[in-house]
Amino acid sequence: NTNDGSSAGFEPEVQLMILIGPQSSPPSTMIYVNLEVSMDTDAGTDAAIPELTVMAPSGFFFPSFCGDICTSFGATVGTTGRPIATLSSPDDSTLLGQSHLFQVRTPLQTPETRSWIVQAVTAAGTAAGWGTAEGFKVNQMKDARVLYGGAPSVPDAEFAFSFTFETEPTERLFTIIDVNCPREIVLSCKGTDLRSLSLPAPVTCVEDGAGAARLVVDRSLTPGQFAFSMRGQLPAATPSENLFSMIIRAQSSEDVVDAVFGLAGWPTLDIESSQPTLAWSIAGYGELSMVTVSFALDNSTSVLRTLLITLPPGYQHWVRDPSDLRVSNPRLPLLKGANDWIDNTDLGRLRILLEPYDPQVDVGSYIFTFPVRMPESEADIPDINFWHLSMCTSRSCLLPHGPEVRISFPMAGFYPGDVSELETLRITALEEKLGIGEASEAWRASLSLPLLLLSARA
């Protein structure tokens with residue numbers, strides 16, 4: 001058929017009008033797609049169309065039984081890789097002008113060519129018309145991020161994950177979270193290595209190890225923002241395939257509900273730093289906590305100009321002058337000048353400025369202690385509760401990530417009333433030193449990080 005209507009002996013094929021759209025389109029997911037096909041009424045044909053041939057973009061996959069009237073047997077269009085499915089009327093009635101629902105599995109990414117092709121077939125098996133429709137994007141999980149500091153061979157690196165979940169609750173429970181990463185990275189979600197943060201607690205670590213981890217949350221995820229972190233061992237060099245994925249699955253069927261694939265990991269850099277630690281004194285809503293951020297360098301460096309500490313929304317540092325920020329290591333080359341080495345103008349961050357003419361930061365441990373005002377109420381607690389220590393090559397460094405940031409480390413945050421792991425160890429040590437045995441809750445609550453530091457000095 002020449003399809004031009006001018007050759008004797010051939011009936012011209014007419015243009016189909018196609019509407020196609022998914023209910024949702026996360027990657028690598030079996031989704032439902034609505035299809036409606038109509039024929040141009042000016043074409044002068046009233047033939048019944050009991051069959052539609054649907055050709056999806058390359059990368060999609062039709063199951064064998066893809067709907068009530070949909071079947072597929074693995075055929076593709078030539079070398080294009082387009083999979084083919086057939087919609088057949090059970091009683092030879094026309095399929096035009098009706099909405100049809102079928103299933104198809106999405107690819108990992110949006111295909112380069114998104115168009116769908118539909119052919120109308122008569123009861124005699126002849127083609128009556130063709131049409132194309134611009135397809136839909138494969139939507140990766142919204143706001144999905146993975147953050148970690150790419151220092152080489154860190155045994156206890158913290159991997160911070162966050163995402164926005166938009167699927168409305170149904171009779172299904174969305175409780176499984178799969179994380180995949182390069183096999184050179186060994187993840188751990190056991191015990192205190194997992195910080196569930198805004199996930200519905202309790203969270204169970206079902207699987208972890210090289211390249212993968214699986215979490216199961218106590219209650220179904222509902223629309224909102226979520227964050228969690230886990231520990232892991234970093235390799236000495238950047239993995240060749242440095243990609244992460246997060247997949248949300250339904251509880252019983254393990255069907256994919258939402259996902260992100262191809263999430264870029266962070267490169268391994270030449271700054272040999274430990275994973276920074278975050279410690280704090282117990283404080284309630286609106287109260288002051290003494291917060292300590294510490295890290296250790298295993299190699300000296302002269303490229304840094306700023307150390308940036310970024311607080312989560314709702315938390316404010318209470319550094320009013322340089323004396324409020326204690327720096328443990330006098331070898332840190334602070335910018336010379338009485339008050340010039342600290343920028344405390346933004347309550348959501350502290351910028352510690354280093355001397356540009358003698359910038360070497362030596363091997364050793366560095367501890368920063370400063371007061372922080374806690375959120376005023378539960379409504380002020382952020383869903384994404386991460387602190388960041390960023391090492392920057394410029395004095396203009398204002399955000400945890402950007403061209404001037406050499407390396408940035410996330411640290412899972414804390415909440416009013418929380419007791420930090422470091423403070424628990426210090427309280428236990430002080431109890432043993434004073435010979436008082438197990439302390440009461442009131443005694444423990446009365447202790448604060450500054451008091452413990454003073455006791456340790458004594």
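Rings of Phe, Tyr and Trp, taking the six-membered ring for Trp, count as a pair if their centres lie within 6.5 Å, and planes under 30 degrees apart make the pair stacked, over 60 edge-to-face, and the rest tilted. With that in hand, I can start with one aromatic cluster, which is formed by F60, F62, F102, W116 and F136.

Before going on, please keep in mind that this is a predicted model, in which local features need pLDDT of at least 70 and side-chain atom pairs count only at pLDDT 80 or more, while totals for chains, interfaces and linings use all residues. Residues are numbered from 1 along each chain as its sequence is written, and side-chain values use heavy atoms, with hydrogens and water left out.

Staying with the rings, a search of the whole structure gives 19 aromatic pairs. In one of them, the ring centres of F102 and W116 are 6.0 Å apart with the planes at 45°, and the pair is therefore tilted. F102 belongs to strand β8 (residues 99–105) and W116 to strand β9 (residues 116–121), so that the pair links parts of the chain 14 residues apart; strands here are DSSP runs of E with at least two residues, helices are runs of H or I with at least four, and both are numbered from the N terminus. Both F102 and W116 are buried, a word I use for under 20% relative accessible area, with exposed meaning over 50% and partly exposed in between, for a 1.4 Å probe and protein chains only.

How are the rings of W280 and F414 arranged, stacked or tilted? Their centres are 4.3 Å apart and their planes stand at 5°, so this pair is stacked. W280 is in strand β21 (residues 277–280), whereas F414 is in the loop between β30 (405–412) and α1 (421–434), 134 residues apart. W280 is buried at a relative accessible area of 6%, and F414 is buried too, at 0%.

W318 has charged company: the charged end of R320 sits over its ring, 4.1 Å from the centre, and R373 lies over the face of W318 at 5.3 Å from the ring centre. The criterion is that NZ of Lys or CZ of Arg is within 6 Å of the ring centre and within 35 degrees of the ring normal.

Next, the nonpolar cores, each being a set of buried Ala, Val, Leu, Ile, Met, Phe, Trp, Tyr and Cys residues joined through side-chain atoms within 4.5 Å. The largest has 80 residues, and F163, L199, F228, F370 and W387 are those with the most contacts inside it. Strand β12 (residues 157–165) supplies the largest share of this core, 6 residues. A second, separate core of 29 residues includes I18, I31, C70 and W116, the last of which we met in the aromatic cluster.

Turning to charges, there are 11 salt bridges in the whole structure, counted when a side-chain nitrogen of Lys or Arg is within 4 Å of a carboxyl oxygen of Asp or Glu. Which residues are linked with R214 in a network of salt bridges? They are D178, R249 and E254. Within that network, the closest N and O atoms of R214 and E254 are 3.0 Å apart. R214 lies in strand β17 and E254 in the loop between β19 (243–250) and β20 (256–264), so the bridge ties together parts that are 40 residues apart in sequence. R214 is buried, with a relative accessible area of 15%, whereas E254 is partly exposed at 33%.

A further bridge joins D343 and R351, with the closest N and O atoms 2.8 Å apart; D343 counts as buried at 15% relative accessibility, and R351 does as well at 10%.

Strand β17 also holds A213, which is buried with a relative accessible area of 3%. Leaving aside neighbours within four places in sequence, A213 is in contact, meaning heavy atoms within 4.5 Å, with residues including D178, L187, C189 and M230.

Finally, S220 is found in the loop between β17 (212–217) and β18 (224–233). A polar atom of the S220 side chain lies 2.9 Å from the backbone nitrogen of F174. Beyond its neighbours within four places in sequence, S220 is in contact with R172, L173, F174, T175 and P200.

Note on methods: Polar contact = N/O pair within 3.5 Å; in protein donor to acceptor, adjacent residues only side chain to side chain.
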